[in-house]
Amino acid sequence: MIYGALNIKEMPAELFLVNLGGSSIIGLLGFVFACANIKCPECGAKWFWLAVSEKGFRKWLFWLISLEVCPDCGEPKNDSFEST
Ligand SMILES: [Zn+2]
């Protein structure tokens, strides 16, 4: 038990910072982009954010893909994903 606690203390902070400042920035930008753009064209409800925050980490993608109408206003989602 003491051994485990020591291991956590010795975990290098640099490694965490490198991960934070490196590839995950791209992931973060993608996440922000998705949050801002995957939304209802009618009422502006943020579907991506709704999916991630309310459906949980393991179910959000399935929920988002199977989404047919806006959970807020009932607008069909057809157009929003096709426009590039
Ligand atoms: Zn809506």
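Which helix do the buried residues of α4 pack against? They pack against α5, which covers residues 60-66. Let's walk through how that fits into the rest of this predicted model.

**The chain as a whole**

The chain has six helices and zero strands, and its pattern along the sequence reads α-α-α-α-α-α. Of the 84 residues in the chain, 7% are buried. Among contacts with a separation of 6 or more, 40% join residues that are 24 or more positions apart.

A word on confidence before going further. The average pLDDT of the chain is 78, and 67% of the residues score at least 70. Confidence is lowest in helix α1, residues 2-10, where the mean is 54. At the other end of the scale, helix α4, residues 47-55, has the highest mean, 92. Happily, α4 is also the helix we asked about at the start.

**Helix α4 and the core**

Which residues of α4 are buried? They are Trp47, Leu50 and Ala51. These residues lie on the same side of α4, because they cover an arc of only 100° around the helix axis. Trp47, Leu50 and Ala51 also belong to the largest nonpolar core, where Cys40 and Cys70 join them to make five residues in all. In soluble globular proteins, nonpolar side chains tend to be buried together. Just after α4, Gly56 takes a positive phi of about 90°.

**Two neighbours in sequence, Lys46 and Trp47**

It is worth pausing on this pair. Lys46 lies in the loop between α3 and α4, whereas Trp47 lies in helix α4 itself. Is Trp47 buried or exposed? Trp47 is buried, because 23 other C-beta atoms lie within 10 Å, and a residue needs 20 or more to be called buried. Lys46 has 17 C-beta neighbours inside 10 Å, so Lys46 counts as partly exposed.

Their contacts, leaving aside neighbours within four places in sequence, can be listed too. Trp47 is in contact with Ile38, Lys39, Cys40, Leu64 and Leu67. One of these, Leu64, falls within the residue range 60-66 of α5. For Lys46, the contacts are Cys35 and Lys39.

Both residues can also be placed relative to Cys70, a member of the largest nonpolar core. The table gives the separations along the chain and in space.

| C-alpha pair | Separation along the chain | C-alpha distance |
|---|---|---|
| Lys46 and Cys70 | 24 residues | 9.5 Å |
| Trp47 and Cys70 | 23 residues | 7.8 Å |

**Helix α3, before the loop**

On the other side of the loop that holds Lys46 is α3, residues 23-37. How many of the 15 residues of α3 are buried? The number is zero, so α3 lies largely in the open. Its length agrees with expectation: at 1.5 Å a residue, the 15 residues of α3 should span 21 Å, and the end C-alpha atoms of α3 are 21 Å apart.

**Bringing it together**

In short, α3 has zero buried residues, while α4 has Trp47, Leu50 and Ala51 buried and packing against α5. The loop residue Lys46 sits between α3 and α4 and is partly exposed.

Key:
Residues are numbered from 1 along each chain as its sequence is written. This is a predicted model: local features need pLDDT of at least 70, side-chain atom pairs count only at pLDDT 80 or more; totals for chains, interfaces and linings use all residues. A nonpolar core is a set of buried Ala, Val, Leu, Ile, Met, Phe, Trp, Tyr and Cys residues joined through C-beta atoms within 7 Å. A residue is buried if 20 or more other C-beta atoms lie within 10 Å of its own, exposed if 12 or fewer, and partly exposed in between; C-beta atoms are placed from the backbone. Two residues are in contact if their C-beta atoms, placed from the backbone, lie within 7 Å. pLDDT is the predictor's confidence in each residue, from 0 to 100. The arc is that of the directions from the helix axis to the C-beta atoms. The expected span of a helix is 1.5 Å times one less than its number of residues.
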